[in-house]
Amino acid sequence: MATILADTSRTFSEYLLIPRLTSKNQQVEAVDLSVPLSAVEKNQTPRFRVNIPIVSACMQSVSGTNLSIALARQGGLSMVFCSQPIDSQVEMVRQVKTHKAGFVQSTSNTTADTRLADVVETMQRSGHSTIPVTSDGTASGKLVGIITDQDFWEFEDDLENLVRDHMTAMGNVIHGSEGITLREANRLLHQHKKDCLPILDKSGNLTALVFKKDYVDHQRHPLELLDESKRLCVGAAINTHDYRERVPALIAAGADTLCFDSSDGFTEYQKEGISWIRENFGAEVVIGGGNVVSAEGFDYLVEPGGVDFVKVGMGGGSICITREQKGVGRGQASALLDVAERRDRYFEETGRYIPLCSDGGLANDTQIVIALAMGADFVMMGRYFAMTEESPTPKTAINGQMYKPYWGEGTHRAQNWQRYSDEMSSRKMMFEEGVDAYVPLVGPLSEVLETTLYKLRSTMVNVGADNLSAFRERAILTLVSEQSVVEAGTSNVFQFSRNRELPDGDWGGGS
């Protein structure tokens, strides 16, 4: 007969934190939210860290280019989805890596013989106010000048005039030479009071642009997650079917981490994939595995030569119906507590620390806090990000309210046969493990995340912790009864509407 576990399958909503002593010198703004994403070997520093404990899910309706850029600028990491052709995923990764390199390739260019009318159209279409003028109109042609929206008046000048009659000619263009450092480039911008600095090679060909706005933008985003070359960081999802072709291409494109995307990672398929990557690319590549819900699954993935971090969770997402369809899974809190306990024992036995990612089962900001208190180093979310302006799906008006489409990777819409089929030859999805739905639009990612992170820091101060490691050590959790849930809400008062779409911090369901 089957083995029956004595414990109950529990969720995050069944727990509360007990406050601990808060010191007078503890400030919310000073709390450190950075955590390792790679395994931490004994007496060594982690190879890769994130500045906030939040990553976006490996989903088509979540982790596109714009969201990956926006999240990295806030200190988190996006996992670009793999349920697409290799070339298109590689292009997404490349776009993130080149978006904020300091030195950016010009995407809007013109020639001296172009009409002003065409320049105006280019500026309106691209949103760029500075256009390099090159000999052939390409991003790598010989620079002959610069034209900006300050060089002409759209409604006063004759738009049939040529660019050459209005541009700043090359002899008067302040520029840098290829090989200049970003610091030196910014110094030239400051010294000459310019907004854009073209970078030229020895032949006078345009190689890159450096913008003042990027410097200012970086100062306004101190947690921005950058690699050693000052490029934004981005992760990439992989599967167990085409990793031999996909992984080399993603690494070449600059992906900072790789993460197996699977509802069940406790398989020989994933173990073989991990071993292949290690054999061909070594121990430096940061690899995530999962998902698992037990200590047994954790041990399988972290054996010598295994993964850097483990994703925990099965069937807890707002659009995941694996538990209903298969009867397989576990309450997210129970799964995380079990795996975290084994992770800690593994650290005591080996001196090797394996970060845990709690994936799914998060309905609001409070449950993010509980997950981190229970032992997760960071959380992975889908719907949280699907509701933001930067998610890749289009806005849709329904009864006067703006929504965005949101679907699971286990749906027919995702056409993600590689994740869910048991055999390479079977491309027919026999049943769905996810749903196709809509979520309300809540605004820019930066605004949503600002509230979440402030709540997290504030709670950590309540527990007397200055960082997430101390938070886990000091956290004391208690189970709640149905009546204590009622008691926690408002009662015997009349609340006026504040014209909010959702209560503060409530995302309207599962994660």
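Reader: Which residues are linked with R47 in a network of salt bridges?

Author: In this predicted model, R47 belongs to a network of salt bridges together with R278, E284 and D308. The structure holds 25 salt bridges.

Reader: Why is the contact of E91 and R94 called a salt bridge?

Author: The term requires a side-chain nitrogen of Lys or Arg within 4 Å of a carboxyl oxygen of Asp or Glu. For E91 and R94 the N to O distance is 2.7 Å, so the pair meets the definition.

Reader: Where do E91 and R94 lie in helix α2?

Author: Helix α2 covers residues 86-99, and E91 and R94 are 3 residues apart in it, separated by about one helical turn.

Reader: What makes R94 partly exposed?

Author: Partly exposed residues lie between the 20% and 50% limits. R94 has a relative accessibility of 36% and therefore falls in that range. E91, at 30%, is also partly exposed.

Reader: Is D227, the salt-bridge partner of R231, buried or exposed?

Author: D227 is buried, because its relative accessibility of 15% is under 20%. R231, at 28%, counts as partly exposed. The closest N and O atoms of R231 and D227 are 2.9 Å apart, within the 4 Å limit, so this contact is a salt bridge.

Reader: How do you know that R246 is buried?

Author: The relative accessible area of R246 is 2%. Buried means under 20%, so R246 qualifies. Its salt-bridge partner is D242, with the closest N and O atoms 3.0 Å apart. D242 has a relative accessibility of 11% and therefore counts as buried.

Notes:
Residues are numbered from 1 along each chain as its sequence is written. This is a predicted model: local features need pLDDT of at least 70, side-chain atom pairs count only at pLDDT 80 or more; totals for chains, interfaces and linings use all residues. Side-chain values use heavy atoms; hydrogens and water are left out. Helices (H or I, at least four residues) and strands (E, at least two) are DSSP runs, numbered from the N terminus. Buried means under 20% relative accessible area, exposed over 50%, partly exposed in between (1.4 Å probe, protein chains only).
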